[in-house]
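User: I'd like a close look at one part of this protein, a pair of helices, and then a walk outward from there. Here it is.

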Amino acid sequence: MDKVKNKQKTTASTSSIIKQLTKDSTDITYVPYSSELQLPGIMSLIENDLSEPYSIYTYRYFINNWPNLCFMAMDQDKCIGVIICKLDRHRDALRGYIAMLAVKKEYRKRKIGTTLVKIVINAMKLKNADEIVLETEYTNLGALSLYHNLGFIRDKRLYRYYLNGVDAFRLKLFCKSEIQIPIVEVSDRAIVEKTKK
Ligand SMILES: CC(C)(COP(=O)(O)OP(=O)(O)OC[C@H]1O[C@@H](n2cnc3c(N)ncnc32)[C@H](O)[C@@H]1OP(=O)(O)O)[C@@H](O)C(=O)NCCC(=O)NCCS
């Protein structure tokens, strides 16, 4: 019983992070992961877009252990963006890790990817993360630019990191440095952003 209550409390705090308005009238809603029924939509989105093949166990490892660090961007009932993360100890630091990020092709360049990353940065900061890391293909200019804009730096180059033989950059954001990304408005309800079509 207590466990259930605690879980609800955490979900409430992580799901009340952002309400950000932009120019247009299309509503994209940002919701935390809440049910295994959402997994097929998440998997098909990621399978289309990331070069690495992931088994269902990998998805479950992240989502079942850190459900409050998985968020989806929804166009009505359709999942059009997703971010999957974890947060655990790495040496002396509490380290957040962004495992997967994808936005459906026809929804790109509308700041949906940026908003998903901002949501998890805020969620991880609420949990007192010291740093956040991820890997991306060194040729992935879109992702490199998105993360650079949010304050991530290139920490390491990892040679032939991916199964396809491509190198990766490890990117890192220091959460407790003095440079802060702007905190977005807080709302108690589901997170809604109006984005440009
Ligand atoms: C990377 C990805 C998540 C970006 O999603 P998105 O919603 O289009 O990103 P945003 O609209 O928030 O883009 C923010 C910034 O990132 C950069 N960016 C995004 N896509 C870009 C592209 N194709 N080329 C160059 N820069 C790009 C730009 O600087 C952009 O800012 P701008 O719109 O002011 O130019 C999306 O392209 C995607 O799903 N790619 C396939 C999967 C993937 O590569 N995931 C990342 C793995 S680490």
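At roughly what angle do the axes of helix α2 and helix α3 cross, and within how many Å do they come?

Analyst: The axes of α2 (residues 39-49) and α3 (residues 56-65) cross at roughly 115 degrees and come within 11 Å. Before going further: this is a predicted model, where local features need pLDDT of at least 70 and side-chain atom pairs count only at pLDDT 80 or more, while totals for chains, interfaces and linings use all residues. Residues are numbered from 1 along each chain as its sequence is written, and side-chain values use heavy atoms, with hydrogens and water left out.

A few terms for that pair. Helices (H or I, at least four residues) and strands (E, at least two) are DSSP runs, numbered from the N terminus. Axes are lines fitted to C-alpha atoms, for helices over the stretch in contact, and the angles run from 0 to 180 degrees between N-to-C directions. The crossing of α2 past α3 is right-handed, meaning the near helix is turned clockwise from the far one by less than a right angle, where anticlockwise would be left-handed.

Now the residues that meet. From α2 come Leu 39, Ile 42, Met 43, Ile 46 and Glu 47, and on the α3 side they find Ile 56, Tyr 59, Arg 60 and Ile 63; contact here means heavy atoms within 4.5 Å. The buried set of α2 is Leu 39, Ile 42, Met 43, Leu 45 and Ile 46. These sit on the same side of α2, because they cover an arc of only 165 degrees around the axis, taken from the directions from the helix axis to the C-beta atoms. Pro 40 and Asn 48, on the other side of α2, are exposed. The cut-offs are under 20% relative accessible area for buried, over 50% for exposed and partly exposed in between (1.4 Å probe, protein chains only). As for what lies over the buried residues of α2, the cover includes α3, β3, β4 and β5.

Stepping back, the protein has five helices and nine strands, running α-β-β-α-α-β-β-β-α-β-α-β-β-β along the sequence. Of its 197 residues, 49% are buried. If you take contacts between residues at least 6 apart in sequence, 70% of them join residues at least 24 apart.

On to the interior. The largest nonpolar core has 36 residues, and Ile 83, Ile 98, Ile 112, Leu 116, Val 117, Tyr 147 and Phe 152 are those with the most contacts inside it. A nonpolar core, by the way, is a set of buried Ala, Val, Leu, Ile, Met, Phe, Trp, Tyr and Cys residues joined through side-chain atoms within 4.5 Å. Two or more residues each come from β2, β3, β4, β5, α4, β6, α5 and β8, with α4 giving the largest share at eight. There is also a second, separate core of 20 residues, including Cys 79, Val 82, Ile 84 and Tyr 97.

α5 (residues 141-149) is another helix worth a look: its buried residues are Ala 143, Leu 144, Leu 146 and Tyr 147. Looking down the axis of α5, these fall within an arc of 165 degrees, so they line one face. Leu 141, Gly 142, His 148 and Asn 149 are exposed on the other side of α5. The cover over the buried residues of α5 includes β5, α4, β6, β7 and β8. Just after α5, Gly 151 has a positive phi of about 100 degrees. Leaving out residues up to four places away in sequence, Phe 152 touches Tyr 147, with Ile 98, Val 117 and Leu 171 also among its contacts.

One polar spot to finish the interior: Asp 167, in the loop between β7 and β8, is buried at 9% relative accessible area. Its side chain makes a polar contact with that of Arg 157 at 2.8 Å, and the backbone nitrogen of Arg 160 lies 2.7 Å from a polar atom of the Asp 167 side chain.

Finally, two backbone oddities. Most residues other than glycine have a negative phi. Gln 76, though, has a positive phi near 55 degrees; this residue sits in the loop between β3 and β4 and counts as exposed at 70% relative accessibility. Arg 91 also has a positive phi, about 50 degrees, in the loop between β4 and β5, and counts as exposed at 74%.

Conventions
A polar contact is a pair of N or O atoms within 3.5 Å; within protein, one must be able to donate a hydrogen and the other to accept it, and residues adjacent in sequence count only if both atoms are side-chain atoms.
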